[in-house]
Structures are given as C-alpha cells and as structure tokens.
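Thanks for coming. I'll walk you through one model, helix by helix. Please have the structure open.

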Amino acid sequence: MNTIDFIKNGLENSKQFACLLLDDMRETPFVEPTPGGNHPLWILGHLAVSESFLLDQCLQGKPNRFPELLELFGAGSTPTTDPAKYPSYDEIRPKFDAIREDSLAYLEQLTDDDLDQPSHHTETPFFSTVGNCYLAMIMHVMNHSGTVTAARHAAGKPPLMM
C-alpha cells in the first residue's frame, strides 16, 4: 500500500466510523456528553467547517466554503443546546459528505512526494504540509468520534461496536 492509499483508507474509515455514531444521534442531536460538552450536531457542523479549513484554506488557499457556519461551528465557537440557533442535522450532514468527497478527490491528484509540500498555513506546524493537513483530517474526525460515543452513552444508547 502506498501513502496516498493509506491516507484514503484513513479518510474513508474515519468518516464511516464517525457517521455511524453521528447518524445514530440524528433524532437526539443536542444530547451533551457532559454538561456543556460538544453535542453531536455541533460536532457534525464543526467537522464540516474544519475540513473546509484544511482542504480549502490550508491546501488550496481559498476561503472556507461554509462562511455561514463559522460562527456556530468554527474553532472557538461555544455549543448551545438551543435548537433554534442551528440548522437541522439533515442540512449539515450533506455538507460534511461533500467536503469529504472533495478531500478525497483532491488527494487523488497527489503523489507521495506532494505530501511534503508546504500548505498555505505554514505558521502552524500541524498544518504546515499537505500530508499534515490530511493527517489532521483523519485525527480530527476520530477525536470527535469519542465525544459522540459519550453523548450516545448520556442518551442511554447501547454501544454500537464491541
């Protein structure tokens, strides 16, 4: 397996894992894992906005494609359990699907050597290369999956995976 295929597998599997958990919370998207914690709807929106930061801004030097969501879901935003403040789950989920599809399509154009190229965000080492941005896409989704698992537990749902 080459590095590009390895990253592709990581992107596909992390999204599949996260969406299995997130979609199970579709009807109860505001359950907090702990008081004041990141609820599943916020996580879904945050993942979409953050992946646009990585793909569009860091890798392509373009603006975030979801400017209307930045205040609600961007870095530093504070989740609230007020449904009136948010778009619906069904409005946000396709945005995450679309940005991940575009991340995969962009990856298909790359070679292993391209992964060492600098990004448009070199001031932060974690986002400083193309490869680091793709690593962040995988790790970020997996990090937030743990929080969704805790929200599922808070909602009284049984584990989906053993």
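Start at the beginning of helix 1. A side-chain oxygen of Asn2 comes to within 3.1 Å of the backbone nitrogen of Ile4. Before I go on, a reminder: this is a predicted model.

Next door is Thr3, which belongs to helix 1. Thr3 is partly exposed, at 37% relative accessible area. What does Thr3 touch, not counting residues up to four places away in sequence? Asp112 and Leu115. With Asp112 there is a polar contact between the side chains, at 3.4 Å. Look also at Asp113. Along the chain, Thr3 and Asp113 are 110 residues apart, yet their C-alpha atoms are separated by 9.7 Å.

Now helix 1 as a whole. The helix runs over residues 3–24, which makes 22 residues. At 1.5 Å a residue it should span 32 Å, and its end C-alpha atoms are 32 Å apart, so the two agree.

Which residues of helix 1 are buried? Here is the list: Ile4, Ile7, Gly10, Leu11, Ser14, Lys15, Ala18, Cys19, Leu21 and Leu22. These cover an arc of only 160° around the axis, so they sit on the same side of helix 1. Phe6 and Gln16 are on the other side, and they are exposed. What covers the buried residues? The cover includes helix 2 (40–59), helix 4 (89–108) and helix 5 (130–154).

Take one residue of helix 5 as a close-up: Ser145. Ser145 is buried, since its relative accessible area is 3% and the limit for buried is under 20%. Leaving aside neighbours within four places in sequence, Ser145 is in contact with Phe17, Ala18 and Leu21. Ala18 and Leu21 were both on our buried list for helix 1.

On to helix 2. It has 20 residues and reaches 27 Å from first C-alpha to last, close to the 28 Å expected at 1.5 Å a residue. Helix 2 is mostly covered, with 18 of its 20 residues buried. After the helix comes Gly61, with a positive phi near 70°.

How do helix 2 and helix 5 pack? Their axes are 10 Å apart, at an angle of about 175°. That makes the two helices roughly antiparallel, because any angle over 145 degrees counts as such. On the helix 2 side, the residues making the contact include Trp42, His46, Glu51 and Cys58. On the helix 5 side, they include Cys133, Tyr134, His140 and His144.

Two loop residues to finish. Arg65 is in the loop between helix 2 and helix 3 (70–73). Its relative accessibility is 31%, so Arg65 counts as partly exposed. The side chain of Arg65 makes a polar contact of 2.7 Å with the side chain of Asp56. Not counting residues up to four places away in sequence, Arg65 also touches others, among them Ser52, Ala98 and Asp102. From Asp5, 60 residues away along the chain, the C-alpha separation is 26 Å.

The other one is Thr129, in the loop between helix 4 and helix 5. A polar atom of the Thr129 side chain lies 3.0 Å from the backbone nitrogen of Asn132. Leaving aside neighbours within four places in sequence, Thr129 is in contact with Leu115, Asp116, Gln117, Pro118 and Ser119. We met Leu115 earlier, as a residue that Thr3 touches.

That's my tour. Over to you.

Conventions: Residues numbered from 1 in each chain as written. Predicted model: local features only at pLDDT ≥ 70, side-chain atom pairs only at ≥ 80, totals over all residues. Heavy atoms only, no water. Helix = DSSP H or I, 4+ residues; strand = E, 2+ residues; numbered from the N terminus. Expected span 1.5 Å × (residues − 1). Buried < 20%, exposed > 50% of the residue type's maximum accessible area, 1.4 Å probe, protein only. Arc of directions from axis to C-beta. Contact = heavy atoms within 4.5 Å. Polar contact = N/O pair within 3.5 Å; in protein donor to acceptor, adjacent residues only side chain to side chain. Axes fitted to C-alpha atoms, helices over the stretch in contact; angles between N-to-C directions. Parallel < 35°, antiparallel > 145°, perpendicular 65-115°, else oblique.
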